[in-house]
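Hi everyone, thanks for making time for this. I'd like to walk you through some charged side chains today, so please bring the model up on your screens.

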Amino acid sequence: MIETKHLSVCVCCQNDGRLRFSKQSLVYKSHKTGKVDSIPAPELSAAQWRRVCVGHGIKLATSTGHVYRYDGFRDTDFEKISAFFKANYKVELAEKDMCVKGWNWGTAKFTGSLLSFDVNDSPVFEIPLASVSQCATGKNEVTVEFHQNDDAEVSLMEVRFYVPPNTGDDGSDPVEAFAQNVLSKADVIQATGDAVCIFKELQCLTPRGRYDIRIYPTFLHLHGKTFDYKIPYTTVLRLFLLPHKDQRQMFFVISLDPPIKQGQTRYHFLILLFSKDEELSLALNMSEDEVEKRYEGKLSKNMSGSLYEIVSRVMKALVNRKITVPGNFQGHSGSQCITCAYKASSGLLYPLERGFIYVHKPPVHLRFEEISCVNFARGTTTTRSFDFEIETKQNNQYTFSNIEREEYGKLFDFVNAKKLNIKNRGIKEGMKGADGYSDSDEDQHDAYLERMKEEGKIREEGDGSDESEGDSDESFNPGEEDDDVPEEYDSNASVSDSEADDADSEDEGKKKKPEKKPKKVVKEKKERKPRKEKKVKDPGAPKRPMSAYMLWLNGNRERIKSENPGISVTEISKKAGEMWKQLSKDRKEEWDRKAEEAKKQYEKAMKEYRETNGSKHTLILLESLYILKHFCTLCTFI
C-alpha cells in the first residue's frame with residue numbers, strides 16, 4: 001500500500017487532506033470536513049499525470065463517468081505511483097502536457113461531469129460542472145456562473161463562451177445544445193415533480209425562522225416567508241440528534257459542505273428544534289411498492305409518532321447517512337450535555353464518541369482527530385466556574401467558558417478516557433480534589449487577587465488599632481462579664497444579680513432579655529457608628545500604601561496607553577494584568593521592595609498620627625464613659 005500525505009483535491013474547492021492508494025480502492029479524506037471520497041479499484045478506467053500550477057497532479061476517470069483531480073505531488077512520485085497503478089489497477093499512468101500558448105480559440109469537449117477547453121488536442125483548462133451554479137444563453141454566447149469558493153481569497157465567478165452561428169447536422173441551435181450539456185451535469189437544482197413529503201412550519205434556529213421543508217428525492221427545499229434554500233443531499237456531511245438539557249426538546253442538526261448562503265452569511269449547519277410532545281401522522285406521496293423498492297424497508301408509506309423521530313427517520317433514509325447521538329457521557333446534573341458560553345452566547349456542549357458539538361450560536365463541530373490539545377482554565381470572573389479550551393492542529397482555538405465547577409470531574413474523566421492531549425495535565429491533576437475542582441491556580445499570577453489581599457491586610461491592621469482603643473468602654477466595669485452588647489445594656493441586669501439565689505427570678509430575668517427596650521439601645525449604637533465615620537472622614541490620616549502591582553501599574557499606565565491608542569479603562573486593566581503575569585521574577589522583586597518600603601513609611605506615619613491625635617481620642621473616651629455611667633445609674637433606679 002502506498003500512502004501520500006498532505007495532498008489537495010480540486011473537485012469543487014481545494015482542501016488539504018490525505019490520499020491513500022490500496023489494492024482495493026483509492027480513498028481521499030479531507031482534513032477540514034472529514035469527508036471521504038472512495039474510488040473502487042475496478043471502477044478506475046484512466047489516469048493522467050500532469051504538470052499543474054502547484055507541482056504535479058493526477059486526473060482519474062471512472063467507468064461511472066466521474067472525474068477526480070488531485071495535486072500537490074512531487075516530480076519524484078511519478079515512478080512509484082505509475083508502477084503501483086500498473087501492478088494493482090492494470091491502468092497506465094499516462095503523462096499529459098497542458099497547452100500554455102495562451103490561445104482563446106479552441107474546442108469545448110464534454111467528458112462526463114467535466115468540460116475541457118482544448119487547443120490542438122491539448123487541454124488549456126477544465127471546468128468541473130458540479131461547480132456551476134447557473135448557465136445563461138444569449139446571442140451566440142453562453143455564460144457559465146460558479147459557486148463562490150469560501151476558502152479562497154479570489155474566486156472565479158463567471159466564464160463566457162462564444163459559439164459560432166452555424167447550425168448542427170440535426171438543425172439544432174449550437175448555443176442551446178452547449179447550455180443543455182452544461183445544465184445536465186451542473187449543480188443547478190430545479191424543483192420538478194411532486195415532493196415525497198412536506199413538513200409544515202418547523203422551527204429552525206440557523207437560519208433563524210419557521211420554514212416549510214419539502215422533501216424531494218435528491219434535495220430538500222426550505223421555504224420561508226423571506227428566503228428559500230435548496231440543499232442537495234450530496235452536500236450533507238453528518239446528521240445529529242441531540243436531547244436538550246431540559247429533557248423536553250430535541251435538536252436535529254444537519255452538517256453541510258458547501259454551506260448554504262444568504263448574502264455574505266454562510267450557514268454550515270441547519271439546526272431544527274422540536275418539542276418531544278409534538279406528534280405527527282405522515283403519508284408519503286408514493287405507492288407502497290415504490291416506497292419498499294426505493295428505500296428497502298427504511299421507510300413506510302404511513303408513519304406516525306413524535307415529530308422529531310419522523311423527520312430524522314426520513315432524512316436518514318434519503319441522505320443515506322447515520323445519525324450521531326450522544327454517547328456515554330453524563331454530566332453532574334444527569335444530562336448528556338454541559339451548559340457553557342461561546343463567543344458571549346450561551347449554549348450547550350455535547351461530548352460525543354468521536355468529537356464535540358456545540359449548539360447553537362454559532363454551531364461548532366470538532367472531531368477528535370483534528371484536536372491538538374485541550375486545556376482547563378480557571379474562569380475569568382469567578383472561581384465557581386472554569387473554561388474549557390480546545391486547540392486544533394490548524395492552530396485554531398475554541399474557548400467554552402462559564403462551565404459550572406461541578407462538571408469539572410466528569411469532563412476531565414471523559415477527555416482523559418478519549419486519550420486527548422491535556423495541556424496542563426500535571427497541574428490539574430494536583431488541583432483535583434473531592435469535588436473535582438479547586439479554587440487555587442498556582443501556575444498563574446492573579447494581580448487583582450494579590451491587590452485585594454494586600455489591601456485587606458492593611459485594613460485589618462488599621463481596624464485592629466482603632467478597635468483596641470474603642471474596646472476600653474466595654475471593659476471599663478470590672479464587675480461585668482465579657483458578654484455580648486445586648487446583655488451588657490440589659491435593663492434587668494441589676495435585678496437578676498440581686499436575686500441570684502432565687503431560681504424563679506433568674507428565669508424571669510432571662511425571659512425579659514429579648515424585650516424591645518434593649519434592642520432599641522443597640523440600634524441607636526449601630527446608627528452612630530462613630531469609629532467608621534472618624535476613620536473615613538479624617539483628612540489628616542495617612543493614606544494606605546499601594547501593592548507592588550499597583551505601583552507597577554501607575555508607573556506603566558501611560559506607556560500602555562501610548563502603545564494601544566484608544567484603549568478603554570477596563571481594557572487597560574486587562575492588558576496590565578497580562579503584562580504583569582509575563583514580568584520576570586527579578587522585575588517583580590524590584591516592585592515588591594518598593595511596596596515594602598511604602599508599607600514601612602505608612603506604619604511610621606500612622607504611629608506619629610496616633611501619638612499626635614492621642615489627646616483628642618482620650619477626651620472622646622472620657623465623654624463616652626461619663627454618659628455610660630449615668631445611663632447605668634438610671635437603669636438601676638428604674
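Let's go straight to Glu 370 and Arg 367, whose side chains meet in a salt bridge at 3.8 Å, N to O. One thing to keep in mind from the start is that this is a predicted model. So, are these two partners buried or exposed? Glu 370 has a relative accessibility of 12%, so it counts as buried, the limit being under 20%. Arg 367 is at 7%, and therefore counts as buried too. The pair also belongs to something wider: salt bridges with shared partners link Lys 29, Arg 367, Glu 369 and Glu 370 into one network.

How many salt bridges does the protein have by this rule? The count comes to 16. Let me show you two others.

Please find Asp 77 and Arg 74, which form a salt bridge with their closest N and O atoms 3.8 Å apart. Here the surroundings of the partners are worth a look. Asp 77 is buried, at a relative accessible area of 8%, while Arg 74 is exposed, at 57%.

Next, go to Lys 109, which forms a salt bridge with Asp 118; their closest N and O atoms are 3.6 Å apart. The acid in this pair, Asp 118, is buried, with 9% relative accessible area. Lys 109, on the other hand, is partly exposed, with 34%.

Now for charges of another kind. Which residues form a positive surface patch? They are Lys 298, Lys 316, Lys 322 and Arg 354. Let's zoom in on one of them, Lys 322. You'll find Lys 322 in the loop between helix H4, residues 307-319, and strand S24, residues 323-324. Its relative accessibility is 74%, and because the cut-off for exposed is over 50%, Lys 322 counts as exposed.

Let me zoom out for the last part. The protein has 638 residues, and buried ones make up 38% of them. In secondary structure, there are 16 helices and 31 strands. For those of you who like contact maps: take the contacts between residues at least 6 apart in sequence, and 47% of these join residues at least 24 apart. And what about the surface? About 38,600 Å² is exposed, with carbon and sulfur atoms supplying 48% of that.

If you want one place to revisit on your own screen, try the network of Lys 29, Arg 367, Glu 369 and Glu 370, joined by salt bridges that share partners. Thanks for listening!

Methods: Residues are numbered from 1 along each chain as its sequence is written. This is a predicted model: local features need pLDDT of at least 70, side-chain atom pairs count only at pLDDT 80 or more; totals for chains, interfaces and linings use all residues. Side-chain values use heavy atoms; hydrogens and water are left out. Patches are made of residues with over 30% relative accessible area and no salt bridge: like charges are joined within 9 Å, nonpolar side chains (Val, Leu, Ile, Met, Phe, Trp, Tyr) within 5 Å. Accessible areas come from the Shrake-Rupley method with a 1.4 Å probe; for residues, only the protein chains shown count as cover. A salt bridge is a side-chain nitrogen of Lys or Arg within 4 Å of a carboxyl oxygen of Asp or Glu. Lys and Arg count as positive and Asp and Glu as negative; His and the chain ends are not counted. The place of a charge is taken as NZ of Lys, CZ of Arg, CG of Asp or CD of Glu. Helices (H or I, at least four residues) and strands (E, at least two) are DSSP runs, numbered from the N terminus. Buried means under 20% relative accessible area, exposed over 50%, partly exposed in between (1.4 Å probe, protein chains only). Contact means heavy atoms within 4.5 Å.
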